[in-house]
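Subject: Structure handover

Hi,

Here is the structure I promised to pass on. Have a look at it first, and then read on for what turned up.

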Amino acid sequence: MILVIAPLVQVAGVSRRRLLTRIPIYASASTISATVTVLALGRVGEATHLTGPVSYAIVAVLAGAYALTELGGLRLPVPSSPFRVPRRWLHAGNVGSPLLYGGAMGPGFLTATPYPAYHLWLLLIFVSGDPMIAAVTGALFGLLRGASTLVGALGGGDSHPSDARLAARVGELLAWSPALHVLNGVALMFVATCLTVMVGSR
């Protein structure tokens, strides 16, 4: 994701002070768009009345399967969007640009998503049919997505962040990718186990 939001905070000639004024706008747009999206999903789930042992069992099976995928035991495709944020959005101004980027990045599924946990979380929100949990977790997710711009904005030591420093920071983050996939797999296995126990106790 940092490769997507990097241009927003790395526009040539933009000082660190101006970048830091963009971050709250981006974070707000990301938080609001994520909250609205996930809340709508929770409302739809509530209206369809799919909450029950069968629905949770399906999520448990998928969580276990993707846990094995993350840990290298299976090879399942991870749903991901090919959409790329248009470069012209960079020229929408100090308010319009972060609003557009934040609005697109907030929901999570409009751009590339390398980890399956996000999609399973959306599925779990849907089958739980709890709008309150959907709103809270959606807001938290959007806020974290928005806060990620700090990685790019603070990637350099100068008042004008350099491309070289940002590239080095991105390289450091990508080096952690294998470990993150393992952690994601362990987390998914934990979720699968908890859901299995919950279904079995009903």
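Before the counts, one definition: helices are DSSP runs of H or I with at least four residues, strands are E runs of at least two, and both are numbered from the N terminus. On that basis the protein chain has nine helices and zero strands. Read from the N terminus, the order of elements is α-α-α-α-α-α-α-α-α. Please keep in mind that this is a predicted model.

Some totals for the chain. Of its 202 residues, 42% count as buried. The accessible surface comes to about 10,600 Å², and carbon and sulfur atoms account for 72% of that. If you take the contacts between residues at least 6 apart in sequence, 80% of them join residues at least 24 apart.

Now the helices, starting with α3. This helix covers residues 53-70. Its 18 residues reach 25 Å from the first C-alpha to the last, close to the 26 Å expected at 1.5 Å a residue. The list of buried residues in α3 includes Ser-55, Tyr-56, Val-59, Ala-60, Tyr-66, Thr-69 and Glu-70. What do the buried residues of α3 pack against? They pack against α5 and α9. Just after α3 comes Gly-72, with a positive phi of about 95°.

Thr-69 is worth a click while you are there. This residue of α3 has a relative accessibility of 14%, so it counts as buried. Leaving out residues up to four places away in sequence, Thr-69 touches Leu-74, Arg-75 and Leu-76. Of these, Leu-76 lies in the loop between α3 and α4. Leu-76 has a relative accessible area of 33%, so it is partly exposed.

Leu-76 also belongs to a nonpolar surface patch of about 520 Å², which it makes together with Leu-68, Leu-71, Leu-74, Val-182, Val-186 and Met-189. Which helix gives the most to the patch? That would be α9 (residues 177-200), with three residues.

Helix α9 has a buried side as well as its share of the patch: Asn-184, Gly-185, Leu-188, Ala-192 and Leu-195 are buried. Among the elements that cover those residues are α3 and α5. As for length, the 24 residues of α9 should span 34 Å at 1.5 Å a residue, and its end C-alpha atoms are 34 Å apart, so the two values agree.

On to α5, residues 117-128. A search of the whole structure finds one aromatic pair. It is formed by Tyr-118 and Trp-121, with 5.6 Å centre to centre and 50° between the planes, which makes it a tilted pair. Both residues lie in α5, three residues apart, about one turn of the helix. Are these two buried or exposed? Tyr-118 has a relative accessible area of 7%, so it is buried, and Trp-121 is buried too, at 19%. The cut-off for buried is under 20%.

Helix α2 (16-48) holds the charged pair. A search of the whole structure finds one salt bridge, and it joins Arg-43 and Glu-46, with the closest N and O atoms 3.3 Å apart. Arg-43 and Glu-46 both sit in α2, three residues apart, about one turn of the helix. Glu-46 has 35% relative accessibility, so it counts as partly exposed.

Thr-31 is in α2 as well. At 17% relative accessibility, Thr-31 counts as buried. Beyond its neighbours within four places in sequence, Thr-31 is in contact with Ala-139, Gly-142 and Leu-143. Thr-31 and Pro-107 are 76 residues apart in sequence, yet 8.6 Å apart in space from C-alpha to C-alpha.

One last residue for anyone who checks backbone angles. Most residues other than glycine have a negative phi. His-49, though, has a phi near 55°, a positive value in a residue other than glycine. His-49 is found in the loop between α2 and α3, and with a relative accessible area of 66% it is exposed.

Over to you.

Key
Residues are numbered from 1 along each chain as its sequence is written. This is a predicted model: local features need pLDDT of at least 70, side-chain atom pairs count only at pLDDT 80 or more; totals for chains, interfaces and linings use all residues. Side-chain values use heavy atoms; hydrogens and water are left out. Buried means under 20% relative accessible area, exposed over 50%, partly exposed in between (1.4 Å probe, protein chains only). Contact means heavy atoms within 4.5 Å. Patches are made of residues with over 30% relative accessible area and no salt bridge: like charges are joined within 9 Å, nonpolar side chains (Val, Leu, Ile, Met, Phe, Trp, Tyr) within 5 Å. Accessible areas come from the Shrake-Rupley method with a 1.4 Å probe; for residues, only the protein chains shown count as cover. A salt bridge is a side-chain nitrogen of Lys or Arg within 4 Å of a carboxyl oxygen of Asp or Glu. Rings of Phe, Tyr and Trp (its six-membered ring) pair if their centres lie within 6.5 Å; planes under 30 degrees apart count as stacked, over 60 as edge-to-face and the rest as tilted. The expected span of a helix is 1.5 Å times one less than its number of residues.
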